[in-house]
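Walk through this structure with me. We begin at a loop, then turn to the domains, the ligands and one helix.

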Amino acid sequence: MFEKSAWIRLPRNVVVGHGVIDQVVDVIDDLHLHGRPLFVTSPTPRKVAAEPIVAAFEATSVDPAVVTIEKATFDAVERVIETANAEDVSYLVGIGGGKAIDIAKMASYHLEMGFCSVPTAASHDGIVSNRGSVPDGDTRHSVAAEPPLAVIADTEILADAPWELTTAGCADIISNYTAVMDWRLAHRLKNVEYSEYAAALAEMTAEILVDNADLIRPGLEESSWVVTKALMSSGVAMSIAGSSRPASGAEHLFSHQLDRLAPGAALHGHQVGVGSIMTAYLHGGERGIWQDIRNALASIDAPTTADGLGIDDKTVIESLTTCHEIRDRYTILGDGMDERAAREVATKTGVIS
Ligand SMILES: NC(=O)C1=CN([C@@H]2O[C@H](COP(=O)(O)OP(=O)(O)OC[C@H]3O[C@@H](n4cnc5c(N)ncnc54)[C@H](OP(=O)(O)O)[C@@H]3O)[C@@H](O)[C@H]2O)C=CC1
Ligand SMILES: O=C(CO)COP(=O)(O)O
Ligand SMILES: [Zn+2]
C-alpha cells in the first residue's frame, strides 16, 4: 500500500527587483494580512529599510510595532514574542540580514502567526527558508521555523550592502554541490530520506550561479538579482525536502563548529565555501570537483583558505576532526576524521599551508 505523503510550505508571493521595498504594503494587502504588524529588524537594516516601510504603513493609518535586535539569541526571540503579545500584533515582518529574519521566523513559529521576509543582505539562504538558526548550548544548526508567506527583496538595497555579504550568499549556494553529494551518500549508506527533485533543484541552483559568475561584481545590481534568485531557489529546495539536507552537508558541519571555536571570525557562507572545497576533495579525490569549487569561489572574491577566513590552521583541523559530533547528520566525514587525514585534505586543497 502507498502511504507516503508530503506537506510543502512555500512563499506565496516572491517579489524581487529594483525599488520593490515600495511594494511591501501592497504585498501584505495581497496576502489578506490585516491588523498591526510587528517589524523585527537590526540597527543598520532599520535605517536602510525598516524606517521607510514604517512610513509607508503609517501613510495607510497602520502603526507598526518595531523591535530592534542586536544579536541572534533565544533572549531576542523571547523579547519579540513578549512584544508581539503586549502590542497586540497580527503578523511579523523580518527586515534585515539573517539575524533579524531568523528571530522573526522563530518567534512567528512560536506565536503561530504569519511571517514575511524583507532581506537587506543576500548573505545566505536562511533569508528565504523555513529554517531558523540560533546558538543553543553545544548545537549550532538550523531548526524548523515559520516559512515566509512572502519574500520582498529589493535589489537596489541588496546591491548597496557590503560586498562580502553577497559573496557569502554565493558561497552558501556553491556549497550545495557537496551538500547534495553528502545527502546522496547518506541515502545510499543509511537509507536517509531523499528527494531527487530537491537535490536536482539545489544542484541546478549552484550550477546557474557558477555559470553566471561573471555577472557577480561589486555594486552591480544585476549581481543581487542573480544571487537572490539563487537563494530563493535553494530555500525552495529545503522546503521541498522538509529539511536543510539539499543545502547543508559536511561543509556546514565544519562551519557550525567554526562558529563555536572562533565565534564571529568569518561569515557563514564564506566558512561553508572553504568547507566545501575540502569535502569535495574527500568525495572525489584529486580528480573530483574540488578545484572547480575553489575556482568558482575565487572568481566571486570569496575566501578559499584559512587565512582568507581569518582563522588559524589549528582551528581548521580541530573543526574538521570534531564537527561530525555537532548533529546527527551522516556525511562524508562518517564517524570523524583523524588528525593526520584532516591535515592532509586541508593541505592538499591549499586551505592551510
Ligand atoms: N536560517 C538559516 O538557515 C541560517 C541562519 N543563519 C544565521 O544568520 C545570521 C548571519 O546572517 P547575516 O546576514 O550574515 O547576519 P546579520 O543579520 O548580522 O547581518 C550581517 C551584518 O550586515 C549588516 N547589514 C545587513 N544589511 C545591511 C545593509 N543593507 N547595509 C549595510 N549593512 C547591512 C548588519 O548590520 P547590523 O549589525 O547593524 O544589524 C550586520 O552587521 C546568524 O545569526 C546565523 O546563525 C546563517 C545561515 C543559515
Ligand atoms: O545554512 C543552511 C543552508 O544553507 C542551513 O543549514 P543547517 O541546517 O546546517 O543550519
Ligand atoms: Zn548555509
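**From a loop to the ligand shells**

Gly336 sits in the loop that links α14 (313-322) to α15 (339-348). The model is predicted. Is Gly336 buried, exposed or partly exposed? Gly336 has 13 C-beta neighbours inside 10 Å, so it counts as partly exposed. The cut-off for exposed is 12 or fewer, and for buried 20 or more. Leaving aside neighbours within four places in sequence, Gly336 contacts Thr321 and His324. Thr315 lies 21 residues from Gly336 along the chain, and their C-alpha atoms are separated by 16 Å.

Take another loop residue, Ser175. Ser175 lies between α6 (163-174) and α7 (176-190). Ser175 has 36 C-beta neighbours inside 10 Å and therefore counts as buried. What does Ser175 touch, not counting residues up to four places away in sequence? The partners are Glu251, Val272, Gly273 and Ser276. Ala59 is 116 residues from Ser175 in sequence. In space, the two are 43 Å apart, C-alpha to C-alpha.

Now the overall division. The domain assignment of the chain gives domain 1 (13-161) and domain 2 (164-348). Their C-alpha centres lie 26 Å apart. The contact between them takes 26 residues from domain 1 and 30 residues from domain 2. On the domain 1 side, β1 (13-17), β8 (150-154) and α5 (155-160) each supply at least two residues. Which of the elements gives the most to that side? It is α5, with four residues. By class, the domain 1 side that touches domain 2 divides into 12 nonpolar, 10 polar and four charged residues.

Next, the ligands. Ligand 1 has 28 residues around it. Of these, Ser42, Gly97, Gly98, Lys99 and Gly126 come nearest. Three elements, α2 (43-58), α4 and β6 (131-132), each supply at least two residues of this shell. The shell around ligand 1 has 11 nonpolar, 14 polar and three charged residues. Which domains does it draw on? At least three residues come from each of domain 1 and domain 2.

Ligand 2 also has a shell drawn from both domains, with at least three residues from each of domain 1 and domain 2. What surrounds ligand 2? The histidines are His124, His141 and His252. The serines are Ser133, Ser142, Ser244 and Ser248. Asp125, Asp172, Arg131, Gly126 and Ala247 complete the list. By class, the shell around ligand 2 has one nonpolar, eight polar and three charged residues. Gly126 appears again here: it is in the shell around ligand 2, and it is among the residues that come nearest to ligand 1.

Turn now to α3. Helix α3 (residues 74-86) has 13 residues. From its first C-alpha to its last, α3 reaches 18 Å, close to the 18 Å expected at 1.5 Å a residue. Which residues of α3 are buried? They are Ala76, Val77, Val80 and Ala84. Seen down the axis of α3, these buried residues fall within an arc of 105 degrees, so they line one face of the helix. That buried set packs against β2 (37-41), β3 (65-68), β4 (91-96) and α4 (98-111). On the other side of α3, the exposed residues are Phe74, Asp75, Glu82, Asn85 and Ala86.

What follows α3? Asp88 does, and its phi is positive, near 55 degrees. Most residues other than glycine have a negative phi. Asp88 is a residue other than glycine, yet it has this positive value. Asp88 lies in the loop between α3 and β4. Asp88 is exposed because only 10 other C-beta atoms lie within 10 Å.

Glu112 is another such case. Its phi is positive, about 55 degrees, although Glu112 is not a glycine. Where is Glu112 placed? Glu112 is in the loop between α4 and β5 (114-119). With 7 C-beta neighbours inside 10 Å, Glu112 counts as exposed.

Conventions
Residues are numbered from 1 along each chain as its sequence is written. Chains are lettered from A and ligands numbered from 1 in the order in which they are written. This is a predicted model: local features need pLDDT of at least 70, side-chain atom pairs count only at pLDDT 80 or more; totals for chains, interfaces and linings use all residues. The expected span of a helix is 1.5 Å times one less than its number of residues. The arc is that of the directions from the helix axis to the C-beta atoms. Two residues are in contact if their C-beta atoms, placed from the backbone, lie within 7 Å. A residue is near a molecule or strand if its C-beta atom, placed from the backbone, lies within 6 Å of it. Ala, Val, Leu, Ile, Met, Phe, Trp, Tyr, Cys and Pro count as nonpolar, Asp, Glu, Lys and Arg as charged, and the others, Gly among them, as polar. Domain bounds come from an automatic or database domain assignment.
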